[in-house]
Amino acid sequence: GFVVEMWFNEWEFESLDLNPSVGPSAVTMIKLGAKDSLLMRRDGEWWRLVMPMFLHAGLVHLIGNMVGLHQIGTRLELEYGARVVGPIYVLSGILATAVSAVCLPSVVSVGASGSICGLLGAHWALLVQEQCLRDTCWSCSCSLCGLLVTTVFIFAIGLLPFVDQFMHLAGMVGGLLVGVVAFGRGGSLLSYRYLDASAEDFLLLETARASGDMWEETERGCC
């Protein structure tokens with residue numbers, strides 16, 4: 001996404017006074033789908049609810065988001081797969097953009113921060129509903145401390161200029177709600193390992209049933 005932004009901006013960086021993230025102009029970001037409440041409401045450009053999570057204000061913004069995504073999303077994807085993490089990421093991002101459009105209508109926003117905070121919210125849902133019931137008290141306490149530090153750090157960043165705190169908050173709430181569904185009772189069936197195990201059990205059951213039917217037919221033939 002950032003390469004496309006710079007291509008549209010003719011490979012020129014905007015002045016640091018206007019864009020301290022070292023990136024394209026606001027005009028280019030709006031053209032490519034940044035959150036613009038006026039265009040969404042007046043012209044019905046609701047596709048702008050989705051596009052901001054694939055755009056970045058600059059190199060600093062991009063690197064920060066990539067580090068956050070790696071730190072927060074890697075474990076979830078390895079354990080539950082893209083089929084679970086993907087919907088959490090996208091739905092959280094859409095909710096974050098929608099809330100930001102209502103609460104900060106005059107601000108143009110881009111970035112995956114809402115989606116990344118959604119994965120953080122999903123981590124909280126996983127910790128409360130599954131990990132604390134499965135792991136030891138010490139392991140759960142360590143995970144809790146790690147999540148608290150990460151959460152405080154992200155919302156502390158939200159106090160800086162040019163950072164959309166509403167996206168952070170809404171994204172985290174969205175990820176928490178989707179995570180409650182995904183990781184709640186029976187939600188673990190969404191993970192790859194459970195899907196694979198269920199498929200293997202089904203195949204074994206069908207094989208055993210077919211073998212039983214063949215054995216009955218053989219006995220009847222002998223009689």
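The crossing of helices α5 and α8 is right-handed, a term used when the near helix is turned clockwise from the far one by less than a right angle. Their axes, that is, lines fitted to C-alpha atoms over the stretch in contact, come within 7 Å and cross at roughly 145°, with angles running from 0 to 180 degrees between N-to-C directions. Helix α5 covers residues 82–103 and helix α8 covers residues 165–183, where a helix is a DSSP run of H or I with at least four residues, numbered from the N terminus.

I should say early that this is a predicted model, in which local features need pLDDT of at least 70 and side-chain atom pairs count only at pLDDT 80 or more, while totals for chains, interfaces and linings use all residues. Residues are numbered from 1 along each chain as its sequence is written, and side-chain values use heavy atoms, with hydrogens and water left out.

Which residues make the contact of α5 and α8? Among them are Val84, Ile88 and Leu91 of α5, and Phe166, Met167 and Gly174 of α8, contact meaning heavy atoms within 4.5 Å. The residues of this contact divide into 13 nonpolar, six polar and no charged; here Ala, Val, Leu, Ile, Met, Phe, Trp, Tyr, Cys and Pro count as nonpolar, Asp, Glu, Lys and Arg as charged, and the others, Gly among them, as polar.

Staying with α5, its 22 residues reach 31 Å from first C-alpha to last, close to the 32 Å expected at 1.5 Å a residue, the expected span being 1.5 Å times one less than the number of residues. Its buried residues include Val84, Ile88 and Ala96, whereas Proline 87, also in α5, is partly exposed at a relative accessible area of 38%; buried means under 20%, exposed over 50% and partly exposed in between, with a 1.4 Å probe and protein chains only.

Turning to the interior, the largest nonpolar core has 24 residues, and those with the most contacts inside it are Leu76, Leu119, Leu120 and Phe183; such a core is a set of buried Ala, Val, Leu, Ile, Met, Phe, Trp, Tyr and Cys residues joined through side-chain atoms within 4.5 Å. Two or more residues come from each of α4, α5, α6, α7 and α8, and α6 gives the most, with eight.

For the chain as a whole, there are nine helices and zero strands, and buried residues make up 40% of its 223 residues.
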